[in-house]
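Welcome! Could you walk me through this protein as if I were seeing it for the first time? A short briefing, grouped by topic, would be ideal.

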Amino acid sequence: MPRITNWRRESRSPTLAYRNTETGARAVLHRAPDSYRYKWRGAILVDGYPMWSRGYETKDATSFRDELRERPAPDLTCPECPNDDVRVGEKAADGAKVQRWYDCPDCGYEAPSRIVYGAER
């Protein structure tokens, strides 16, 4: 199996944590709260904000590492202009689900985050 590019393991137990060597982003596979449907949660955090998240039934380290191979350098950049200073905006709530919005101060680009917070039921 190929090596995970740009990710260095920080801890193995009880959570599986990686740090990106280029951007400083963190990736963590950890035990989820009891209210969540899946007992394990994998997340990639950039500047402390989740960019990707997925639930797992068990501590599936192989699938989590496969996701890290697909995302070698996650960052908060604008896809419309060369600005790398994207702000994390307000949250939009719809019932129990909460979603963050990202916006670029230069060109006005807005996009919702790819993950939805809240219980996964």
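Here is a briefing that goes from the overall make-up to a few single residues.

This is a predicted model. The protein contains 1 helix and 8 strands, and along the sequence these follow the pattern β-β-β-β-β-α-β-β-β. A good place to begin is an open sheet of 5 strands, together with helix H1, which lies across those strands.

**Overall make-up**

- The protein has 121 residues, and 35% of them are buried.
- Its accessible surface comes to about 7600 Å², with carbon and sulfur atoms accounting for 45% of that area.
- Take the contacts between residues at least 6 apart in sequence: 34% of these join residues at least 24 apart.

**The five-stranded sheet**

- The strands are arranged in the order E1-E2-E3-E4-E5, and their pairing is antiparallel.
- At the edges sit strand E1 (7-11) and strand E5 (49-56), each of which pairs on one side only.
- Going from one strand to the next, the twist averages 20°.
- E1 and strand E2 (residues 16-20) run antiparallel and are joined by 4 bridges. These two strands form a hairpin, with 4 residues between them.
- Within this pair, Arg9 stands opposite Tyr18 in E2.
- E3 and E4 are paired in the antiparallel sense through 6 bridges, and here Leu29 has Gly42 in E4 as its bridge partner.
- E4 and E5 are also antiparallel, with 7 bridges. Trp40 has Tyr56 in E5 as its bridge partner.

**How covered are the strands?**

- In E4, 6 of the 7 residues are buried, so this strand is mostly covered.
- Which description suits E5, enclosed or open? Strand E5 is largely enclosed by the rest of the structure, because 6 of its 8 residues are buried.

**The helix and the nonpolar core**

- Helix H1 (residues 61-70) lies across E1, E2, strand E3 (26-31), strand E4 (40-46) and E5. Relative to E5, the helix runs at about 150°.
- In soluble globular proteins, nonpolar side chains tend to be buried together.
- In this protein, the largest nonpolar core has 17 residues. Those with the most contacts inside the core are Trp7, Tyr18, Ala27, Phe64 and Leu68.
- Which elements give two or more residues to this core? They are E2, E3, E4, E5 and H1.
- Tyr18 deserves a second look: leaving aside neighbours within four places in sequence, its contacts include Ile4, Trp7, Ala27, Phe64 and Leu68. Charged residues are also on the list, among them Arg8, Arg9, Glu10 and Arg65.

**Ser53, a residue in E5**

- Ser53 has its place in strand E5.
- Is Ser53 buried or exposed? Its relative accessible area is 18%, and buried means under 20%, so Ser53 counts as buried.
- The side chain of Ser53 makes a polar contact with the side chain of Arg41, at 2.6 Å.
- A polar atom of the Ser53 side chain also lies 3.4 Å from the backbone oxygen of Gly42. Gly42 appeared above as the bridge partner of Leu29.

**Glu57, a residue in a loop**

- Glu57 lies in the loop between E5 and H1.
- Why does Glu57 count as exposed? Its relative accessibility is 54%, and exposed means over 50%, so Glu57 falls in the exposed class.
- Although exposed, Glu57 touches Tyr38, Lys39 and Trp40, not counting residues up to four places away in sequence.
- Glu57 and Tyr38 are 19 residues apart along the chain, yet their C-alpha atoms are separated by 5.1 Å.

Methods
Residues numbered from 1 in each chain as written. Predicted model: local features only at pLDDT ≥ 70, side-chain atom pairs only at ≥ 80, totals over all residues. Heavy atoms only, no water. Buried < 20%, exposed > 50% of the residue type's maximum accessible area, 1.4 Å probe, protein only. Contact = heavy atoms within 4.5 Å. Areas by Shrake-Rupley, 256 points an atom, 1.4 Å probe, with all protein chains shown as cover. Pairing = 2+ DSSP bridges. Axes fitted to C-alpha atoms, helices over the stretch in contact; angles between N-to-C directions. Polar contact = N/O pair within 3.5 Å; in protein donor to acceptor, adjacent residues only side chain to side chain. Core = buried A, V, L, I, M, F, W, Y, C linked by side-chain atoms within 4.5 Å.
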